[in-house]
Amino acid sequence: MDLMTMNASKDSEEFKESLIKWQKTLKTIDQVLVLWVKVQKNWMRLEPIFLASEDIRAQLPEDTKRFEKVDAEWKALMADASDDPSVVAATNTEGRDKILEEFISEIDLCEKALNEYLEQKKKIFPRFYFLSNQALLDILSNGNNPEKVNEYISDCFDGMKNIKFVEEGSRPYRTSCGMFAKDGEYVAFATPFTCQGAVENYLCDLDTKMQQTLKGIII
Amino acid sequence: MQPRHWKKLNGICGKTVNRQDPKFCLRDIINLELYRFAEDVNELVEGAQKEASIEKKLNLIIATWSETTVLNFKDYKDTKVLDTGALEEIVENVDL
């Protein structure tokens, strides 16, 4: 027998008040837990980006601040809730649904800004569309370290394994002398290629460099 | 039967017995001449039984939710997060 059946029974008059109160309580438990799980999922997805990616923090300072505020409040809420883990107390605390809804909309704003930023980069170097956001974020945060970016070359270019750097001077090496195919074949560039500036730009240049090199060999 | 049911019984029979009275005995019941009001008395008793079963179930729901159901947490980096695996069971048990 569930609460609704009890409530509908003509013999429940005596307990009406308590029945209605508990129906409401259980409904709140259900609704708040759904919100809670959603916030947690979204927070866990963005937390490593907005708190740890220096590139994103520098590029999206407003949204980083927004996320940090949610992050602090979220952690405080979790500390509170774990102090009194009774599900009734945790979910029926006055205003808990409101604050969780607010977290969701704030995190949504952060995620939107992040996606717009990534979209800009993808428009400049469309091969970024082949990558997961996580991989793209890794590239963007390491744009200044071509050796690290080199690990993702094979994801951007179907037949490529990576490029070969001229191992001179201080690391990270920036100048490349050729490229390796996935099957191991090596093709030297006609002239050295230097990775400098914004990563999405030098990857475009690398794309052109490959085409020119192959053209030069074939024709 | 709760005091409220005894009160109604008195009304039906047009007499006054007090269940709480320490001298309350079978004679009092017999004096009510319940057989004269069989239909009404039956209805009252059945209602009382149904109320008792609703009350029992309601109390069980209240006890389950207010005492035994807790959220589970696990550590995540420097904070705590909900253990969502354990949560599913809770949500499934919400029986409105």
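**B:Val70.** I began with B:Val70 in this predicted model, and I found this residue in the loop between H3 and strand E1 (73–76) of chain B. I counted 16 C-beta neighbours inside 10 Å, and B:Val70 is therefore classed as partly exposed. Leaving aside residues up to four places away in sequence, I noted that B:Val70 touches A:Pro85, A:Ser86 and A:Val87. I also looked up its distance to B:Ala86, which is 16 residues away in sequence, and the C-alpha atoms of the two are 9.7 Å apart.

**Helix H3 of chain B.** I then turned to the helix before that loop, H3 (residues 38–68) of chain B, and checked its length: its 31 residues should span 45 Å at 1.5 Å a residue, and because the end C-alpha atoms are 44 Å apart, the two values agree. Within H3(B) I recorded B:Glu51, B:Ile54 and B:Ile61 as buried, and the buried residues of this helix pack against helix H1 (3–8) and helix H2 (16–52) of chain A.

**Chain B against chain A.** How many residues of each chain are in contact? I noted 26 residues of chain B and 32 residues of chain A. On the side of chain B that touches chain A, the elements giving two or more residues are H3, strand E2 (79–82) and helix H4 (84–93) of chain B, and H3(B) gives the most, with eleven residues. By class, I listed 15 nonpolar, five polar and six charged residues on that side of chain B.

**H2(A) with H3(B).** I looked at this helix pair separately, and found that the axes come within 11 Å and cross at roughly 35°, with a left-handed crossing. A:Ser18, A:Leu19, A:Trp22 and A:Leu26 of H2(A) meet B:Leu58, B:Ile61, B:Ile62 and B:Trp65 of H3(B). I sorted this contact by class into seven nonpolar, one polar and no charged residues.

**Domains of chain A.** The domain assignment, as I read it, divides chain A into domain 1 (15–124) and domain 2 (132–218), and the centres of the two domains, taken over C-alpha atoms, are separated by 39 Å. The contact takes eight residues from domain 1 of chain A and eight residues from domain 2 of chain A. Helix H3 (54–59) and helix H6 (96–124) of chain A each supply at least two residues of the domain 1 side, and by class I recorded four nonpolar, one polar and three charged residues on that side.

**Helix H6 of chain A.** I checked H6(A) in the same manner: this helix has 29 residues and reaches 43 Å from its first C-alpha to its last, close to the 42 Å expected at 1.5 Å a residue. Its buried residues include A:Leu100, A:Phe103, A:Ile107, A:Cys110, A:Leu114 and A:Lys121, and they pack against H2, H3, helix H4 (61–83), helix H7 (133–141) and helix H10 (199–218) of chain A.

**Backbone notes.** Most residues other than glycine have a negative phi, and most peptide bonds are trans. I therefore wrote down B:Glu33, which is not a glycine and has a positive phi of about 50°; this residue is in the loop between helix H2 (26–31) and H3 of chain B, and with 11 C-beta neighbours inside 10 Å it counts as exposed. B:Lys77, in the loop between E1 and E2 of chain B, has a positive phi near 50°. Lastly, I noted a cis peptide bond joining A:Arg171 and A:Pro172, with omega about 0°, and A:Pro172 is in the loop between strand E1 (160–165) and strand E2 (175–181) of chain A.

Technical notes:
Residues numbered from 1 in each chain as written. Chains lettered and ligands numbered in written order. Predicted model: local features only at pLDDT ≥ 70, side-chain atom pairs only at ≥ 80, totals over all residues. Domains from an automatic or database assignment. Contact = placed C-beta atoms within 7 Å. Helix = DSSP H or I, 4+ residues; strand = E, 2+ residues; numbered from the N terminus. Nonpolar A, V, L, I, M, F, W, Y, C, P; charged D, E, K, R; others polar. Expected span 1.5 Å × (residues − 1). Buried ≥ 20, exposed ≤ 12 C-beta atoms within 10 Å, placed from the backbone. Axes fitted to C-alpha atoms, helices over the stretch in contact; angles between N-to-C directions. Left-handed = near helix turned anticlockwise from the far one by under 90°.
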